[in-house]
Amino acid sequence: LRLGGPNADILNRLAHMCSRMGQLSEAEEQLAELLRLEPQSPVGYCNLGSTLKDQGRVPEALQAIDKAMTLCPSRLEIWHDYLLCLNYDDRLTPEEVCAEHRRWGRELMQRMMLPAPHDNDPAPDRPLRIGYVSPDFRRHITGTFIEPVLRFHDRKTFEIFCYAEVFRPDSATRRIQDMTDGWFFTNGRSDVEVARRIRKDRIDILVDLCGHMGGSRLGVFAHKAAPIQMTWLGYPNTTGLPTVDYRITDAVADPPGTTESLHTERLLRLLGGFIAYEVAEPP
């Protein structure tokens, strides 16, 4: 910036770095400067919204993200930020939050072609193919939940595939990759490409681990890439997609008879809790 003067792209990168280091006020300042240079930047408003949300300034965050959506209503990542932020807005009822998730699902599905029939092998005695989709197959809190699941899958009954939106693989990525029968990096690939790959792999049950969090690939699920699709673990609400059949939860997070109408998915309640994490070995 000192050498070249004001530059929106560099300001955005600097704001991202400040945010990653917890310097949220500094990040906000850089984004304000970016928007002074480019007042119609959807990325600037979206990133400003995320920064304000991380400061607990939820109404202001939603205002900024809403501006980004107005400027670029078709960008999925802006919708994801908007829906995530709604979960923190105590001015809204659960019904209102659900209605916005459903609205996103409807608008996305209007752009989808009817999915082709799946040609998975119907033989009842073969292993089921389970596919997990996540940006967090790396050193991340999600790993402490998903690694034990992958490790203890009954490999005679299930074949495991992972679709990884991972830009910087690390030791945890390699460890998880070694637990799978199939692995595919999805970053840089369109939803259509990823959905075609999942169909080619003949996945029977596809499981989203992210919801509307960062790195979401719910657009793949809109293409009905597998005959049965689920969401689990990463997001505390409905996806809003009619093509996601189930959401895995429990009776504590979603007491029976209270939240069914707030989901586009059918709720599957696991006994004893829907998540359990692996405790790290002491050094």
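## Pocket, cavity and sheet in a predicted model

The lining of the largest pocket divides into 22 nonpolar, 15 polar and 12 charged residues. The structure is a predicted model. In total, 49 residues line this pocket. Its volume is about 2000 Å³.

Which residues lie nearest the centre of the largest pocket? They are His16, Asp81, Met213, Gly214 and Gly215. Several helices contribute to the wall. Helix H1 (8–20), helix H3 (42–54), helix H5 (76–86), H7 and helix H10 (218–222) each supply at least two lining residues. H3 gives the largest share, with eight residues.

**The cavity**

How many cavities of 30 Å³ or more does a search of the whole structure find? The search finds one. The volume of the largest cavity is about 50 Å³. Its lining consists of Pro73, Ser74, Leu76, Trp79, Trp104, Glu107, Leu108 and Arg111. Two elements, H5 and H6, give two or more residues each to that lining. The largest share is that of H6, with three residues. By type, the cavity lining splits into five nonpolar, one polar and two charged residues.

The table sets the two spaces side by side.

| Space | Volume | Nonpolar lining residues | Polar lining residues | Charged lining residues | Largest share of the lining |
|---|---|---|---|---|---|
| Largest pocket | about 2000 Å³ | 22 residues | 15 residues | 12 residues | H3, eight residues |
| Largest cavity | about 50 Å³ | five residues | one residue | two residues | H6, three residues |

**The sheet**

Seven strands build an open sheet. Their order is S3-S2-S1-S4-S5-S6-S7, and the pairing is parallel. Why is one side of strand S3 (182–185) and of strand S7 (266–269) left without a neighbour in the sheet? Both strands stand at the edges, and each has a single partner strand, so one side of each has no neighbour there. On average, neighbouring strands of the sheet are turned by 25° against each other, direction ignored.

One pair can be followed in detail. Strand S4 (residues 205–208) pairs with strand S5 (residues 228–231) in the parallel sense, over four bridges. In this pair, aspartate 208 stands opposite threonine 231 in S5. Helix H7 (residues 141–151) packs on the sheet. H7 touches strand S1 (128–134) and strand S2 (158–164). The direction of H7 makes about 170° with that of S1. H7 also supplies at least two residues of the lining of the largest pocket.

**Two single residues**

Cysteine 98 belongs to helix H6 (residues 94–109). H6 is also one of the elements that line the largest cavity. Is cysteine 98 buried or exposed? Its relative accessible area is 4%. The limit for buried is under 20%, so cysteine 98 counts as buried. Leaving aside residues up to four places away in sequence, cysteine 98 touches Ser261, Leu262 and His263. Asparagine 237 is 139 residues away from cysteine 98 along the chain, yet their C-alpha atoms are separated by 8.2 Å.

Serine 171 gives a second case. This residue lies in helix H8 (residues 171–177). The relative accessible area of serine 171 is 32%. Partly exposed covers the range between under 20% and over 50%, so serine 171 is partly exposed. Its C-alpha atom is separated by 7.3 Å from that of arginine 138, and the two residues are 33 residues apart along the chain.

Conventions
Residues are numbered from 1 along each chain as its sequence is written. This is a predicted model: local features need pLDDT of at least 70, side-chain atom pairs count only at pLDDT 80 or more; totals for chains, interfaces and linings use all residues. Side-chain values use heavy atoms; hydrogens and water are left out. Two strands pair if DSSP finds at least two bridges between them. Axes are lines fitted to C-alpha atoms, for helices over the stretch in contact, and angles run from 0 to 180 degrees between N-to-C directions. Contact means heavy atoms within 4.5 Å. Buried means under 20% relative accessible area, exposed over 50%, partly exposed in between (1.4 Å probe, protein chains only). On a 1 Å grid over the protein atoms alone, a cavity is a set of points where a 1.4 Å probe fits but cannot get out, and a pocket is an open set with protein on both sides within 12 Å along at least five of seven lines; lining residues have an atom within 4 Å of a point. Grid points are joined across faces, edges and corners, and a volume is the space filled by probe spheres set on the points. Ala, Val, Leu, Ile, Met, Phe, Trp, Tyr, Cys and Pro count as nonpolar, Asp, Glu, Lys and Arg as charged, and the others, Gly among them, as polar.
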